[in-house]
Amino acid sequence: MRIISVAGARPNFMKIAPLVAECSRVSGINHLLVHTGQHYDTQMSDVFFRDLSISSPDIDLGVGSASHAVQTARIMMEFEKVCTRELPDLVIVVGDVNSTMAATLVAAKLNIPVAHVEAGLRSFDRGMPEEINRIVTDQLADYLFTTSREADENLKREGVNPEKIHFVGNVMIDTLLKHRGKADGLNVASGLGIDGTDYALMTLHRPSNVDNPAVLQGILTAVQDISTSLPVIFPIHPRTSQRIREFDLDAMVHGSVRLTDPLGYLEFLNLMSGARLVLTDSGGLQEETTILGVPCLTIRQNTERPVTISEGTNELVGTDPVRIREAADRILAGNWKTPRVPEYWDGKAAERIVAILTANVSA
């Protein structure tokens, strides 16, 4: 059976790693890894291949950055060449980035079956480009692998044939559990001049948060307030760094707000494991903090991962600085929920996925 797996952006690499490993372990699978190049520099791409022990991509499309339309079109043009040359029996896509939707569109038009890993997640906010990518991908995919029961229900409401839906757990947690011991051996906070675990960790990159100067200033105001109680480590996304300069907000990210460049997977996992709290607008961090038992404040109005709220450590706080600070104060006072491990978040999701595919996909 000839399988092509597609990854393109930083969130994809943690999801594709256990699938690549499982495909290489199972006999009868001829596997190719395609990197679209949606994220292409060392800090956003290469370091993840190194940290997660993923071999170099078999094919790199090298599409680079551009507008959503241009980037999607470039991926489709180049990936079509790959599919017509390699003639795969199945294409695996993960997550919700432009590479995910673009590869799915190409495969579907060529009548190649598609498996979508992390299917059925919905924020119900079509202002998010990722939501469009999720909906389109799920409507076209032949195998929909979900991380939660809520995702199953979302797909059924949209008219997806239940026979296509497979609840398998979370491949990102496969990666976390495999590498947590190695990450624990690092001491990244000390290298940043912070002793012990008395710090907060923050990520911020969504256009809705960083492209509006008033919203960004409000968030940074809350972060400044929190930093009077404990240092805030802020690995800054290139887009966010650019906006802070453009909006003349540099003075708000100094002192006890410790800026760093984007970090590798192991370094970031080490910091996240030891943090008192995490502030983020990322989807994946909501899931990882749930498993780590670290309180998480999601700086958004919605989440496509409600299980991290109902069973995990996550809380939506929006962008209001007062609300963000009040939630942080509750965490620092020890007033936070005790998480449960969501069903099937046990490190075996990739194993379940590959077993289903080998039993159902014809070479």
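A residue is called buried here when its relative accessible area is under 20%. By that yardstick Cys23 is buried, because its relative accessibility comes out at just 2%. The model is a predicted one, and the cysteines are a handy place to start with it. There are zero disulfides in the structure. Cys23 is in no disulfide, and the nearest cysteine sulfur, that of Cys83, sits 16 Å away. Seen from the other side, the sulfur of Cys83 has Cys23 as its closest cysteine partner, and 16 Å is too far for a bond, given that a disulfide calls for sulfur atoms within 2.5 Å. Cys83 is tucked away too: with a relative accessible area of 1%, Cys83 is buried.

Next comes the sheet. Six strands make up an open sheet, running in the order E10-E9-E8-E11-E12-E13 with parallel pairing. Strand E10 (257-260) and strand E13 (314-316) hold the edge positions; each has a single partner strand, so one side of each goes without a neighbour in the sheet. On average, and with direction ignored, neighbouring strands here are turned by 20 degrees against each other. At the E13 end, strand E12 (residues 296-298) pairs with E13 in the parallel sense over three bridges. Thr298 has Leu316 as its bridge partner in E13.

Helix H12 packs on this sheet, where it touches strand E8 (200-202), strand E9 (232-235) and strand E11 (277-280). The direction of H12 makes about 135 degrees with that of E8. How much of H12 is hidden? Eight of the 10 residues in this helix (residues 265-274) are buried, so H12 is largely enclosed by the rest of the structure. The buried set consists of Tyr265, Leu266, Phe268, Leu269, Asn270, Leu271, Met272 and Gly274.

As for the nonpolar interior, the largest core counts 59 residues, and those with the most contacts inside it are Leu19, Ile92, Phe145 and Leu357. Helix H1 (residues 10-25) supplies the largest share of this core, with seven residues. Phe145 gives a feel for the surroundings: leaving aside neighbours within four places in sequence, Phe145 is in contact with Ala115, His116, Val117, Glu118, Ala119, His166, Val168, Ile353, Ile356 and Leu357. A second core, separate from that one, has 29 residues and includes Met202, Leu220, Val257 and Ile324.

Thr147 is also worth a look. This residue lies in the loop between strand E6 (143-146) and helix H6 (149-157). Although it is in a loop, Thr147 is buried, with a relative accessible area of 5%. Not counting residues up to four places away in sequence, Thr147 touches Glu118, Leu121, Phe167, Gly169, Asn170, Glu343 and Trp345.

Three aromatic pairs turn up in the structure. In one of them, the ring centres of Phe13 and Phe49 are 5.1 Å apart and the planes stand at 55 degrees, so the pair is tilted. This pair ties together distant parts of the chain, since Phe13 belongs to helix H1 and Phe49 to helix H2, 36 residues apart. Phe13 and Phe49 are both buried. Another pair, Phe167 with Tyr344, is stacked, at 5.1 Å centre to centre and 20 degrees between the planes. Here, too, distant parts of the chain are linked: Phe167 is in strand E7 (residues 165-167), while Tyr344 is in the loop between helix H15 (321-332) and helix H16 (349-360), 177 residues apart. Phe167 counts as buried at 12% relative accessibility, whereas Tyr344, at 35%, counts as partly exposed.

Finally, a word on the backbone. Most residues other than glycine have a negative phi. Which way does phi go at Ser53? Ser53 is not a glycine, yet has a positive phi of about 55 degrees. Ser53 is in the loop between helix H2 (42-51) and strand E3 (59-60), and with 61% relative accessibility Ser53 counts as exposed. Asn111, likewise no glycine, has a positive phi of about 60 degrees. Asn111 sits in the loop between helix H4 (98-109) and strand E5 (114-119), and its relative accessibility of 70% makes Asn111 exposed.

Conventions
Residues are numbered from 1 along each chain as its sequence is written. This is a predicted model: local features need pLDDT of at least 70, side-chain atom pairs count only at pLDDT 80 or more; totals for chains, interfaces and linings use all residues. Side-chain values use heavy atoms; hydrogens and water are left out. Buried means under 20% relative accessible area, exposed over 50%, partly exposed in between (1.4 Å probe, protein chains only). Helices (H or I, at least four residues) and strands (E, at least two) are DSSP runs, numbered from the N terminus. Two strands pair if DSSP finds at least two bridges between them. Axes are lines fitted to C-alpha atoms, for helices over the stretch in contact, and angles run from 0 to 180 degrees between N-to-C directions. Contact means heavy atoms within 4.5 Å. A nonpolar core is a set of buried Ala, Val, Leu, Ile, Met, Phe, Trp, Tyr and Cys residues joined through side-chain atoms within 4.5 Å. Rings of Phe, Tyr and Trp (its six-membered ring) pair if their centres lie within 6.5 Å; planes under 30 degrees apart count as stacked, over 60 as edge-to-face and the rest as tilted.
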